[in-house]
Amino acid sequence: MLDPVSQQVLAYLNQLRAEHGVPQLYYANTGYAKFRANYMLELNQFRVYHEGGIPCYYFFNRLGHYHFMQENSAYTTYQGQITPNDVVEGAKKWLDEMVYNNAEFGWTNRDSLLNPCFNYADVHVAYTNNAFFMVIAMINARVSWVVKPNYDGRVVRFEGRVHSDFEPIHVEVYRQVLDPRKVEGYYFYSYGDLIAGVVPEPYSFEGVETIRPTEWAMNSSYVKVAFPFTPKDRGLYTIFLWGKDKRGIKWVPYSKGLDPEHCPLMMYTILV
């Protein structure tokens with residue numbers, strides 16, 4: 001059940017999306033937003049990286065969720081005591097900042113919060129009498145898993161039915177080097193570098209390794225993929241299943257290089 005403060009924050013986010021002509025978000029109680037907001041509140045410190053330099057999105061998988069997710073988070077501290085209404089108004093101001101004044105961060109928050117690819121959001125605002133930490137997890141849940149993404153130490157597998165408005169297109173693998181010093185003072189996170197793509201013959205990826213799948217079924221309604229995976233170095237590997245949005249929604253992102261018709265359908269992490 002969404003608490004009254006977080007409920008008002010989600011309602012305001014949906015108001016902003018309506019003003020920009022993109023579909024509304026449903027609430028998803030994944031446990032992730034509450035986990036992350038409480039984590040920062042207990043530390044009384046804003047963090048997108050956890051101990052060991054592990055990025056926040058890793059824990060979305062650890063909670064058992066494998067759809068693509070992006071976190072948008074913020075915090076505010078106050079001199080005096082605050083009320084729940086103060087928290088709501090403070091959170092709304094942060095949403096306005098993220099949507100209308102996000103150039104410093106390359107408009108990444110704006111283009112996450114307004115992206116029509118996302119159809120769910122997990123929202124939680126944790127607060128005390130003088131501070132609040134807000135976490136909004138934007139989720140693209142367009143795959144009904146038949147076999148959830150998994151890795152047995154040799155092969156990565158996943159299988160699912162794809163929503164009719166989306167079409168799966170390809171698989172990419174990213175690697176992020178974990179730096180234990182990368183904990184405090186960071187306001188956005190990275191997936192690292194693209195190191196490989198997964199595609200059957202005769203196709204290939206340019207500039208990175210091409211991994212040949214042992215199973216490959218990918219069409220407008222179904223995806224089934226298995227491929228060998230042997231990490232060469234330590235780090236956090238993130239596997240993305242990319243998809244195309246077929247709805248034809250007219251939306252213009254501000255972020256450089258962001259294609260409004262393409263977005264990941266799956267995010268699966270492997271920590272080595």
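**Strands and a surface patch in a predicted model**

Biologist: Happy to look at this predicted model with you! How many bridges join strand 9 to strand 14?
Modeller: Strand 9 covers residues 166-176 and strand 14 covers residues 236-245. The two run antiparallel, and one facing pair is E167 with K244 of strand 14. The number of bridges joining them is 10.

Biologist: Strand 9 also pairs with strand 10; which residue there is the bridge partner of Y174?
Modeller: Strand 10 spans residues 193-198. It pairs with strand 9 in the antiparallel sense over 5 bridges. Within strand 10, the partner of Y174 is L194.

Biologist: Now to the open sheet of 4 strands: which strands stand at its edges?
Modeller: The order is 7-8-13-12, with antiparallel pairing. An edge strand here has a single partner strand, so one side of it is left without a neighbour in the sheet. That applies to strand 7 (143-151) and strand 12 (215-218).

Biologist: And what does the twist average from one strand to the next?
Modeller: This is the sheet with the order 7-8-13-12. From one strand to the next, the twist averages 10°.

Biologist: Nice! Which residue of strand 13 stands opposite F158?
Modeller: Strand 8 (residues 155-162) and strand 13 (residues 222-228) run antiparallel, joined by 7 bridges. Opposite F158 stands V225.

Biologist: Last one, on the surface: is F105 buried, partly exposed or exposed?
Modeller: F105 lies in the loop between helix 4 (84-100) and helix 5 (108-113). With Y75, Y187 and F188, F105 forms a nonpolar surface patch of about 410 Å² accessible area together. Buried means under 20% and exposed over 50%, so at 30% relative accessibility F105 counts as partly exposed.

Notes:
Residues numbered from 1 in each chain as written. Predicted model: local features only at pLDDT ≥ 70, side-chain atom pairs only at ≥ 80, totals over all residues. Heavy atoms only, no water. Pairing = 2+ DSSP bridges. Axes fitted to C-alpha atoms, helices over the stretch in contact; angles between N-to-C directions. Patch = residues over 30% accessible without salt bridge, like charges linked within 9 Å, V, L, I, M, F, W, Y side chains within 5 Å. Areas by Shrake-Rupley, 256 points an atom, 1.4 Å probe, with all protein chains shown as cover. Salt bridge = Lys/Arg side-chain N within 4 Å of Asp/Glu carboxyl O. Buried < 20%, exposed > 50% of the residue type's maximum accessible area, 1.4 Å probe, protein only.
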